[in-house]
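Walk me through how the strands of this model pair and how one of its helices is packed.

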Amino acid sequence: AIALLLGPPDAMAPAFGVDSFRRHLLGARVACLKPRIVELPGLGGRASFASFVIRFNEKLPVTTAGRGDVEIALLGHVLDPLRPGRTNAEIVSGLSHSSTFPALEDAWSGLAGRWAAFVRIGAELRLYPDAAGSKSVFHSGAWMASQPGLLGYEPSTALDVFPGATNWPVGVMPFPGVRQLTPNHYLDLRNQREVRFAPGPIRSVGLEEAAATIAELLQGTIH
């Protein structure tokens, strides 16, 4: 099966049918595009978000919700430790009530799970990771993937560009032109810039109260 990923979606006209692989390559050359050919077993799921097309393994849960100027597409599992019985759909639907990004960031500051979420509020488009960055996001230009090799670049193990370094700096990959989204940062999808974010003011509490709160959250997460 052939999957065609376009960014933007109207970069070229699809040409599915008999011999579509060859015709898509020819169409890309005519449009002065450099195609990336990647073998992706199991890439059967498809979802739309704003001007983006999301392709994913059919085993990965993808939850969408929209309300007015708010649109969310969440890939993976999200958990509410205080209400562990809530489903992905219920949580994402609740998040879609947030009318601003600060309100949204506060709303999911207490959530757990392993996920990445595309969010549109008005004309702004962002990609958020979970708090620990456990659902990895790699990006290069307008392309994003869960694994750096899916972006079509050949790896380079040379550290020459980082004199004195013994390992790769945070966010930098051995794939030229590819970066990994840092935890507690969102990706601005309009300019591919990473921006640090944090929830609202943090209340100071005593040790015993903190330990009780942590215990409650952990219990709800592993419920």
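Two strands are taken to pair if DSSP finds at least two bridges between them. The model is a predicted one.

By that criterion strand 4 (70-79) and strand 5 (residues 112-121) are paired: they run antiparallel and are joined by 10 bridges. Val78 stands opposite Gly113 of strand 5. Strand 5 also pairs with strand 6 (residues 124-129), again in the antiparallel sense, through 6 bridges. Here Ile121 is placed opposite Glu124 of strand 6. The connection between strand 5 and strand 6 is a hairpin with 2 residues between the strands, and Gly122 in the turn has a positive phi of about 65°. Strand 5 is mostly covered, with 8 of its 10 residues buried.

Strand 4 also takes part in the packing of helix 2. In this helix (residues 88-95) the buried residues are Asn88, Ile91, Val92 and Leu95. Viewed down the axis of helix 2, they fall within an arc of 95°, so they line one face of the helix. This fits the general geometry: an α-helix has 3.6 residues a turn, so residues three or four places apart point the same way. The cover over the buried residues of helix 2 includes strand 3 (62-67), strand 4 and helix 3 (101-107).

Further along the chain is an open sheet of 3 strands in the order 8-7-9, with antiparallel pairing. Strand 8 (143-145) and strand 9 (179-180) stand at its edges with a single partner strand each, so one side of each has no neighbour in the sheet. Strand 7 (residues 138-140) pairs with strand 9 over 2 bridges, and Phe138 has Gln180 of strand 9 as its bridge partner.

Technical notes:
Residues numbered from 1 in each chain as written. Predicted model: local features only at pLDDT ≥ 70, side-chain atom pairs only at ≥ 80, totals over all residues. Heavy atoms only, no water. Helix = DSSP H or I, 4+ residues; strand = E, 2+ residues; numbered from the N terminus. Buried < 20%, exposed > 50% of the residue type's maximum accessible area, 1.4 Å probe, protein only. Arc of directions from axis to C-beta. Contact = heavy atoms within 4.5 Å.
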